[in-house]
Amino acid sequence: TTGEFSFILRQGKWTALSHPILTAKAIPSMLRSMQSKERARAVDMAIFDHPDYAAAKNAKLHLVDENAKLSRQEELFMGRLAHSMPVVSHLNRGARVYLNKLRFDTWQAMRKSMSKSGTPTPVEDAQIAMFVNESTGRGGLGKSGEPAAVLLGRTLFAPRYLMSRLQLGTGHSMWGGTARSRTVIAKEYARSLVGLGLYYTMLKAYFGDDNNKGNVETDPRSADFGKVRLGNTRLDPLSGMAQMITFISRTASGQTKTTKGKVLPIRGEKLKFGTDKWTDVAARFGRSKLHPVPASIANLFDGTDLSGTKTDLLSEAGGMAAPITYVDIYKALREQDVDDGVALVL
């Protein structure tokens, strides 16, 4: 995930849906920070010298400085060597500054909204910070998980990001706090859902009434849930939420829906011999969340990747070296007509 710009919407999607202007304002800071360390430091200092920074730090808003230790770095581009590599280091620096500014500006905007009915308390500041962290891909791992974050990161693909999707989907940041903080956070959810609705509406308007284009699966038991389907290509606007929702829905219902639309049981007396059991569903979900190295090893032992495509050492090595977004763009352009392919890329 390094060497490309997927962090803008992989981690910043929910803020982009609810606060598109704040997101747009963070992008020039990102581009300036990519040019030099001095420009990145200037953006950092505008945050670290801000009068509200102490309150943000006490609230545990996740802001990363340029010399952060490994466990504090952003998961999707953390590493000891990557920050000294040409080009890659510039992109990583821009991503770090972008997420810092996005989080701080969003936290401030929510805090300002709450201050209309009085000064926010430290507890309310913390709940807002928790929501901002979780909505931008920085979930909490708990007292036992945090010390093992780096080790978990060598086994799973971004464990904090994975946890953030579960926490965001279950409204974790509204479990505590006060009525005021819960109201402000609920409004953020509402804004994001409205933005997501507009996103789907525009896609549907673009693809028109063609039944083979732009269809969206609404059944959460399907692997295509929430995705826009065009032939063999899928566009997932939910930034990691869909997979979590599908796994939970299949577990709760005891059923799965195939890509052909057939609903099958995954446990109980009606389970047919040779069909997927819940353990198969859970194993695939776990395998899909592995760090790229153990995931590639699993693919090589199995002979196929998760989609069932045959694989070998050369293809696995290439897959680990190539930035994810560019690979997806290449595949989409090969699969689709030029106009649809360009629409998907954008």
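How do the residues of the lining of the second largest cavity divide into nonpolar, polar and charged? In this predicted model, the count comes to three nonpolar, two polar and three charged. The residues concerned are Gln11, Glu74, Glu75, Leu76, Gly137, Arg138, Ala158 and Tyr161. The space they line amounts to about 30 Å³.

That cavity is one of two in the structure with a volume of 30 Å³ or more. The largest cavity has a volume of about 40 Å³. Its lining is made up of Trp14, Thr15, Ser18, Thr106, Phe131, Ser135, Glu188 and Ser192. Helices H2, H7 and H11 are the elements that give two or more residues to this lining, and H2 supplies the largest share, three residues. By type, the lining of the largest cavity holds two nonpolar residues, five polar and one charged.

One of these lining residues, Thr106, can be followed further. Thr106 sits in helix H6, which runs over residues 88-114. With a relative accessible area of 2%, Thr106 is buried, because buried is taken to be under 20%. Leaving aside residues up to four places away in sequence, Thr106 touches Thr15, His19, Leu22 and Val132. Of these contacts, Thr15 is also in the lining of the largest cavity, while Leu22 is among the buried residues of helix H3.

Helix H3 covers residues 20-35, 16 residues in total. At 1.5 Å a residue the helix should span 22 Å, and its end C-alpha atoms are 24 Å apart, which agrees. The buried residues of H3 are Leu22, Thr23, Ala26, Ser29, Met30, Ser33 and Met34. Seen down the axis of H3, these buried residues fall within an arc of 140 degrees, so they line one face of the helix. The face turned away from that buried side carries the exposed residues Ile21 and Lys25. What covers the buried residues of H3 includes helix H1 (7-10), helix H2 (13-18), helix H4 (37-48) and helix H6 (88-114). Helix H6 is thus the element that holds Thr106, and H2 is the one with the largest share of the lining of the largest cavity.

Met30, one of the buried residues of H3, also serves as a reference point for Ala190. Ala190 and Met30 are 160 residues apart in sequence, and their C-alpha atoms are 27 Å apart in space. Ala190 belongs to helix H11, residues 179-207, an element that also gives residues to the lining of the largest cavity. Is Ala190 buried or exposed? Ala190 is partly exposed, with a relative accessible area of 39%.

Besides the cavities there is the second largest pocket, which holds about 900 Å³ of space. Its lining comprises 34 residues, and Lys60, His62, Arg72, Asn133 and Glu146 lie nearest its centre. At least two residues of this lining come from each of helix H5 (53-58), helix H7 (122-135), helix H8 (142-145), helix H9 (149-153) and helix H10 (159-169). The largest share, five residues, is that of H7, a helix that also gives two or more residues to the lining of the largest cavity. The lining of the second largest pocket divides into 15 nonpolar, nine polar and 10 charged residues.

Methods. Residues are numbered from 1 along each chain as its sequence is written. This is a predicted model: local features need pLDDT of at least 70, side-chain atom pairs count only at pLDDT 80 or more; totals for chains, interfaces and linings use all residues. Side-chain values use heavy atoms; hydrogens and water are left out. On a 1 Å grid over the protein atoms alone, a cavity is a set of points where a 1.4 Å probe fits but cannot get out, and a pocket is an open set with protein on both sides within 12 Å along at least five of seven lines; lining residues have an atom within 4 Å of a point. Grid points are joined across faces, edges and corners, and a volume is the space filled by probe spheres set on the points. Helices (H or I, at least four residues) and strands (E, at least two) are DSSP runs, numbered from the N terminus. Ala, Val, Leu, Ile, Met, Phe, Trp, Tyr, Cys and Pro count as nonpolar, Asp, Glu, Lys and Arg as charged, and the others, Gly among them, as polar. The expected span of a helix is 1.5 Å times one less than its number of residues. Buried means under 20% relative accessible area, exposed over 50%, partly exposed in between (1.4 Å probe, protein chains only). The arc is that of the directions from the helix axis to the C-beta atoms. Contact means heavy atoms within 4.5 Å.
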